[in-house]
Amino acid sequence: MKRIHLIGICGAAMATLAALLKSRGYDVRGSDQNVYPPMSDFLVQQGITLLQGYSADHISAELDLVVVGNAISRGNLELEEVLDRKIRYCSLPEAIREHFLWGARSVVIAGTHGKTTTTSLAGWLLTHGGVDPSVLIGGIARNFGEHGSSYRMGRGRDFVIEGDEYDSAFFDKTAKFLKYLPDIAVVNNVEFDHADIYADFEAVTLAFRRLVNLVPRRGLLLVGADSPAALALASHAVSRVQTFGTGGDFDWQAHDLEPAGPSTRFRIRRGGSPFGSFEVPLVGAHNVRNALAAVAVAAEVGISPERIADGLRAFAGVKRRLEIVGVAGGVTVYDDFAHHPTAVAETLAGLRASNPDARIWAVFEPRSASSCRRVFQDDFARAFAGADEVLIAPIFRSKLPESERLSIPQLMRDLQARGLSAREAASIDDIVAGIVRDHRPGDLVVLMSNGGFGGIHQKLLKALA
């Protein structure tokens, strides 16, 4: 049996890879500095050995392969031991390609926003449609497994995979999605993000152009035409191209969007002709675009409009994507992964569209490499328009130089100038106390962070109760 060790196993994609390898019969284990749910729970459920912290002792002679997570850098005790012993190592995307993609039809879902939801939707529509795909998601999709899962191993030829533009490993600074051998590629949208590894917007678009250049002649590129930068990629394609969006005269157009409580109804035209009426249990125009991309993938694979409509209605959502984590004191508390200004704005706009009369609290932790940076200062000032009350947690990456760091006092002034009630919080406890003091029954609280946010979700529910 092949023994594989993953350094940095609690990252969403690394944990999923670990489970995929385990399902193939490999002896899998891994280590991480920060072990927290939902990924730690997920790994334990899969029967994978989880080692707390990094130690050279974890790298033993019987290992056949070590997968190095992209958060791992020189100086890591385990990485140094791997290099000293010259144990075979690779990046996460290389491991996925070598073990799963060469024999598959790869459906790669890319874009700055909406990747996880779109991958979950496309994977589910293909599963529901009977083609038995394999699926790999950077999150937990509720349609897979008893408690939700970030992967599915099927026996069909399709492999639906979330294509991340972040770099691959300390030794490979190119985008992960460039290893995924796309036969069908979706690019939902393209914006500047990942300011820690991309110097400017041109560097981001170059990565996506390289992805487009990998799609074979008989393959298909689906581009989100509501995003100008994504639409511009079409001219670089050698493959077939189809456009999708809610705007103009696209190959796939969603129209007549109608909020229906926790769902959204819409119609689709394909090539200008009616394709069908659909309903997805998600809110916001951004999620209709995500669903539209998944519909186009399903149609390309050969699934009927009626079967697609049934599948969309049965979609169960994704953890940490406007997920209701509980209700206490008449307050509904949501967990959301939003960390880019556009994602924050679209999440709040979607919630507002489906809850026009509710008071919405936006509680945001600047945590990701981009959201901590001043480059998004003005964008964040516009991003919270859908909220009534805004609470901003302390910046997670406080060691950034002040000239590069997001200014919370400036953000407060800008939000207040726009008529919003905005406060800077000193701590997680400060946020909880403020909401407990000022909440009203019927309020909606959205907790937004791409990390664990100090366990605020359960702390807030406990305090409200």
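Is Asp 172 buried or exposed? Asp 172 is buried, at a relative accessible area of 14%. The close-ups below all come from a predicted model, and we start with this residue.

**View 1. Asp 172 and its surroundings in strand β11.** Here we are looking at strand β11, made of residues 172-175, in which Asp 172 lies. Asp 172 counts as buried because its relative accessible area of 14% falls under 20%. Its side chain is joined to that of Thr 174 by a polar contact of 2.6 Å. If neighbours within four places in sequence are left aside, Asp 172 is in contact with Asp 167 and Lys 179. To place the view in the chain, take Gln 377: this residue is 205 residues from Asp 172 along the chain, and 30 Å separates the two C-alpha atoms.

**View 2. An open sheet of 10 strands.** Reading across the sheet, the order is β8-β7-β9-β6-β12-β13-β14-β15-β16-β17, with mixed pairing. At the edges are β8 (149-152) and β17 (273-280), each of which pairs on one side only. Direction ignored, neighbouring strands of this sheet are turned against each other by 15° on average. Helix α9, residues 305-313, packs on the sheet and touches β16 (263-270) as well as β17. The direction of α9 makes about 20° with that of β17.

**View 3. Strands β13 and β14 side by side.** Moving in on one pair from the sheet, we find β13 (residues 220-224) running parallel to β14 (residues 240-245). The two strands are joined by 5 bridges. For a handy landmark, look for Leu 222, which stands opposite Gln 242 in β14.

**View 4. Pro 281 in the loop that follows β17.** This loop lies between β17 and α8 (285-301), and Pro 281 has its place there. Pro 281 is partly exposed, with a relative accessibility of 30%. Not counting residues up to four places away in sequence, Pro 281 touches Pro 262, Ser 263, Leu 312, Arg 313 and Phe 315. Ala 260 is 21 residues from Pro 281 along the chain, and their C-alpha atoms are separated by 8.9 Å.

**View 5. Phe 384 in the largest nonpolar core.** In soluble globular proteins, nonpolar side chains tend to be buried together. The largest nonpolar core in this model has 83 residues, and Val 67 and Phe 384 touch the most other members. Helix α1 (residues 12-23) gives the most to this core, contributing 7 residues. Which residues does Phe 384 touch, not counting those up to four places away in sequence? They are Val 344, Leu 348, Ala 362, Phe 364, Val 390, Ile 392, Leu 415, Leu 420 and Met 448. Another core, of 42 residues, lies apart from the largest one, and includes Leu 125, Leu 220, Phe 244 and Ala 299.

**View 6. Cys 10 and Cys 90, two cysteines in no disulfide.** The disulfide count for this model is 0. For Cys 10, the nearest cysteine sulfur is that of Cys 90, 18 Å away. A disulfide needs sulfur atoms within 2.5 Å, so at 18 Å Cys 10 and Cys 90 do not form one. Cys 10 is buried, with a relative accessibility of 12%. Cys 90 is buried too, at a relative accessible area of 11%.

Key
Residues numbered from 1 in each chain as written. Predicted model: local features only at pLDDT ≥ 70, side-chain atom pairs only at ≥ 80, totals over all residues. Heavy atoms only, no water. Pairing = 2+ DSSP bridges. Helix = DSSP H or I, 4+ residues; strand = E, 2+ residues; numbered from the N terminus. Axes fitted to C-alpha atoms, helices over the stretch in contact; angles between N-to-C directions. Contact = heavy atoms within 4.5 Å. Buried < 20%, exposed > 50% of the residue type's maximum accessible area, 1.4 Å probe, protein only. Core = buried A, V, L, I, M, F, W, Y, C linked by side-chain atoms within 4.5 Å. Polar contact = N/O pair within 3.5 Å; in protein donor to acceptor, adjacent residues only side chain to side chain.
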